[in-house]
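Reader: I've got the sequence and the fold open side by side. Could you walk me through them?

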Amino acid sequence: MAGAHTKHHDYHLVDPSPWPIVGATSATIMAIGAVMWMKALLIGGMKLGPMVFFAGLLGVLYTMLSWWMDVVREAEHEGHHTRVVQLHHRYGMLMFIASEVMFFVAWFWAFFDASLFSYEPINFLRHDFTGGTWPPKGIETFDPWHLPLLNTLILLTSGTTVTWAHYALIQGDRTGLKQALWLTVILGILFTLTQAYEYSHATFAFSGHIYGATFFMATGFHGAHVIIGTIFLAICLYRVYLGHFKPDQHLGFEFAAWYWHFVDVVWLFLFAAIYVWGAGGGVAAGAH
């Protein structure tokens with residue numbers, strides 16, 4: 001009878017898990033709370049939207065933490081991540097990054113549509129706001145060769161350090177792995193702080209005109225991805241200190257590195273398109 005339960009294949013048939021239903025329920029609660037919050041809906045005369053939203057958000061975060069801990073246990077302690085399973089995880093991560101690429105395509109599309117066709121007669125309302133030029137009349141753009149260039153150098157350097165970390169891991173150099181990951185996390189935090197400082201010196205707001213909306217949506221969502229990637233790498237650094245990751249099996253770190261390189265490449269396009277080309281003939285407004 002014991003032989004009936006012996007696995008004779010390289011696939012991983014996961015055990016029953018509560019996290020899909022818990023995560024879906026939490027996401028639904030979070031969405032309902034968001035709608036109630038934005039619409040200022042009252043229940044019993046009280047604004048419960050924020051409370052419902054954050055209750056759902058806590059549920060989503062708890063689901064993510066618990067589910068990923070299960071995946072780590074399956075990989076590190078139960079040996080379920082065979083070569084076939086690792087290959088399929090890589091396919092999944094590649095498709096996720098492809099979906100993220102299309103996410104940013106939407107923001108680039110909005111930016112180029114507004115900038116290349118600011119004078120289109122059919123978009124007469126847009127013409128009134130932009131004055132038929134790009135950047136719109138009255139907009140003082142950032143000097144691309146000041147803080148944006150600094151952040152570009154920071155991200156490119158972080159791409160180098162995360163590659164160093166990957167090489168050190170493959171070579172079995174745990175000390176080099178820790179040093180390189182520490183540098184990458186610090187550079188990620190430095191990028192976020194620099195961008196926050198840049199935002200605080202913007203002479204335009206998110207609302208009121210299409211330039212601010214397209215600028216902050218594109219660069220802001222990229223900033224959010226930098227924060228997510230920094231957390232991803234920080235968790236990998238914590239796992240390194242726990243003794244996780246082997247030269248021939250380190251999917252968690254590998255995916256964090258892929259994600260970080262994706263963030264780097266998107267920033268290069270943002271820098272070239274929005275900060276350099278998109279500045280046009282506008283008056284530079286570098287941080288003071």
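Reader: How far apart do the end C-alpha atoms of residues 48–70 lie?
Author: A bit of housekeeping comes before the number: this is a predicted model, where local features need pLDDT of at least 70, side-chain atom pairs count only at pLDDT 80 or more, and totals for chains, interfaces and linings use all residues. Residues are numbered from 1 along each chain as its sequence is written, and side-chain values use heavy atoms, with hydrogens and water left out. The span 48–70 is among those that an unreviewed UniProt entry annotates as "transmembrane region" (positions follow the numbering used here, feature names are shortened, and annotations may be inferred rather than shown by experiment). It is 96% helix and 0% strand, and its end C-alpha atoms lie 33 Å apart.

Reader: What average pLDDT does the chain have?
Author: pLDDT is the predictor's confidence in each residue, from 0 to 100. Over residues 281–288 it is below 50. Still, 89% of the residues score at least 70, and the chain averages 88.

Reader: Which helix gives the most residues to the largest nonpolar core?
Author: Such a core is a set of buried Ala, Val, Leu, Ile, Met, Phe, Trp, Tyr and Cys residues joined through side-chain atoms within 4.5 Å. This one has 48 residues, and Leu-177, Leu-181, Phe-215 and Phe-253 have the most contacts inside it. Two or more residues come from each of α3, α5, α6, α7 and α8 (helices are DSSP runs of H or I, at least four residues, and strands are E, at least two, numbered from the N terminus). With 16 residues, the top contributor is α8.

Reader: What does α7 reach from its first C-alpha to its last?
Author: The helix has 32 residues. Its expected span is 1.5 Å times one less than its number of residues, and that comes to 46 Å. The model is close to this, at 47 Å.

Reader: Which residue with a positive phi follows α7?
Author: Look just past the helix for a phi near 90°. The residue there is Gly-243.

Reader: How are the rings of Phe-204 and Phe-215 paired?
Author: Rings of Phe, Tyr and Trp (its six-membered ring) pair if their centres lie within 6.5 Å; planes under 30 degrees apart count as stacked, over 60 as edge-to-face and the rest as tilted. By this rule the model has 33 aromatic pairs. In this one the centres are 5.2 Å apart and the planes are at 90°, so the pair is edge-to-face.

Reader: Where does Phe-204 sit, given that Phe-215 is in helix α7?
Author: The two are 11 residues apart, and their pair links distant parts of the chain. Both are buried (under 20% relative accessible area, with over 50% exposed and partly exposed in between, using a 1.4 Å probe and protein chains only). Phe-204 is in the loop between α6 and α7.

Reader: Is Tyr-275 buried or exposed?
Author: Tyr-275 sits in helix α8. Its contacts (heavy atoms within 4.5 Å) include Phe-142, Glu-198, Phe-215 and Trp-267, leaving out residues up to four places away in sequence. Because its relative accessibility is 1%, Tyr-275 counts as buried.

Reader: How are the rings of Phe-271 and Tyr-275 paired?
Author: Both residues lie in α8, four residues apart, about one turn of the helix. Their ring centres are 6.5 Å apart and the planes are at 35°, so the pair is tilted.
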